[in-house]
There are 2 protein chains.
Amino acid sequence: MVRKHLPKPSSIPEPTLVRLTIYARSLRDALGDGQTVISSDDLAMRAGVNAAKVRKDLSHMGSFGRRGVGYDAALLLETIVQAMGQTKERSYVIVGAGKLGSALLGYNGFHGKGFMAVGAFDTDPSKIGRSIGGITVMPVDELERFVMAEGVDIGIVTVPAPAAQKITDTLVRGGVKAILNFAPTVVVVPGCILCRHVELSSELEVLAHYLNSQGD
Amino acid sequence: MVRKHLPKPSSIPEPTLVRLTIYARSLRDALGDGQTVISSDDLAMRAGVNAAKVRKDLSHMGSFGRRGVGYDAALLLETIVQAMGQTKERSYVIVGAGKLGSALLGYNGFHGKGFMAVGAFDTDPSKIGRSIGGITVMPVDELERFVMAEGVDIGIVTVPAPAAQKITDTLVRGGVKAILNFAPTVVVVPGCILCRHVELSSELEVLAHYLNSQGD
């Protein structure tokens, strides 16, 4: 098994990127179960994706696996992690320390992937000063100064919809390079800033769509 | 502006389905701002997607919009909602009433989209009996019986990773048609059950990937 080359990161299609993160999760699970070699069928089953799509996605990683043998799970995981570019540590702040913000601060899926929470912010005096997942909640008035002083990479927005654009603007003024918006409204950013909108209901809606198309 | 036909739901590619939910959100925002006609450029900006992709995605909805005029926002929204198949109400239970489960129970983005929380479950005695978002937390021992008796459509799994497969199996025995798994591990279901895995860190990883590919 030889890894021939790593493609330039930007050459990987976005849906593949999202699935790569799930393959990485599946490979970590497999390795945790003591499985060191994994077939594309097995990886497909673990990831909930069809095997042909797995093979096509992994073709973006260069030449991999051997027919009838499968993939070296640890090597494939390392390659995916490198291709995703998770080797450089990225700092983030979470703005909005409500239930979702608290869930994200406590979510162990971010740890060990090169993401580091450095601050949490809220306007609610009863939340300010509290520690969530080891991070102390600060007043939103200090957000811009903090982001600038600390050189924060990513701002995660979990405030109510009406406040989302204002908070986004503050994060952008502070100098973040990217916004991840969980607020149930879209926000607008300057072209030089990356922004992804997470619609938590998307996955439910996609499931419902498939149920309908099955005639259920 | 004439809607020529609605395609069969299953003919829409999955990445388009996910983006359609974000266009719907953007259209609701636009209508809320009093904007009744929207150009593909404006919709693209609101949704954080490039305009060519918006036009291509909307081509799946049939023939729409007029050059130089734009889309009737309300009609386009209605068409997307119909194409997504959100007209039939779907019931769901949430298993795991921790921070994430509570955030999802309280998340207003699910309401008004045809999804109805009918139950929440946990093993923690201190959580059982508490009301979250108007739903009383029940003991997990009652999950299978409840799902079967109520004919629940969808099970949302927000338990810790080690418990995820067992809970999924219980939901499947109870007769759910679909599983939405937020636990940071993959779960396996019989082929007749729909299952989607939500990796909350996916979006952060994709952002980091793009930051890296920009050389940031």
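Of the 216 residues in chain A of this predicted model, 55% count as buried. The surface that chain A exposes amounts to about 9000 Å², and carbon and sulfur atoms supply 53% of that area. The secondary structure of chain A comprises eight helices and nine strands. Among the contacts in chain A with a separation of 6 or more, 59% are made by residues 24 or more positions apart.

The relation between the two chains may be taken next. A turn of 180°, with a shift of 0.0 Å along the axis, lays chain A on chain B with an RMSD of 0.0 Å. The two copies are therefore related as by a two-fold rotation axis. The contact surface follows this arrangement: 100% of the contact residues of chain A recur in chain B, so the same surface serves both copies.

Attention now turns to the aromatic rings. Two aromatic pairs are counted over all chains. In chain A, the partners are Phe121(A) and Phe146(A), whose ring centres lie 5.4 Å apart, with 65° between the planes. An angle over 60 degrees counts as edge-to-face, and the pair of Phe121(A) and Phe146(A) is accordingly of that kind. Phe121(A) belongs to strand 4 (residues 115-122) of chain A, whereas Phe146(A) belongs to helix 6 (residues 143-150) of chain A. Because the partners sit in these two elements, the pair ties together parts that are 25 residues apart in sequence. Relative accessibility is 0% for Phe121(A), which therefore counts as buried. For Phe146(A) the value is 10%, so this residue also counts as buried, the cut-off being under 20%.

Chain B holds a pair formed by Phe121(B) and Phe146(B). Their ring centres are 5.4 Å apart and their planes stand at 65°, so this pair is edge-to-face. Here strand 4 (residues 115-122) of chain B contributes Phe121(B), and helix 6 (residues 143-150) of chain B contributes Phe146(B). The pair thus links parts of chain B that are 25 residues apart in sequence. Phe121(B) and Phe146(B) are both buried.

A further feature of chain B concerns helix 1. This helix (residues 14-32) of chain B has 19 residues, and the distance from its first C-alpha to its last is 27 Å. That span is close to the 27 Å expected at 1.5 Å a residue. Just after helix 1 of chain B comes Gly34(B), which takes a positive phi of about 85°.

Notes:
Residues numbered from 1 in each chain as written. Chains lettered and ligands numbered in written order. Predicted model: local features only at pLDDT ≥ 70, side-chain atom pairs only at ≥ 80, totals over all residues. Heavy atoms only, no water. Phe/Tyr/Trp six-rings, centres within 6.5 Å; stacked < 30°, edge-to-face > 60°. Helix = DSSP H or I, 4+ residues; strand = E, 2+ residues; numbered from the N terminus. Buried < 20%, exposed > 50% of the residue type's maximum accessible area, 1.4 Å probe, protein only. Expected span 1.5 Å × (residues − 1). Contact = heavy atoms within 4.5 Å. Areas by Shrake-Rupley, 256 points an atom, 1.4 Å probe, with all protein chains shown as cover. Least-squares fit on C-alpha atoms with pLDDT ≥ 70 in both.
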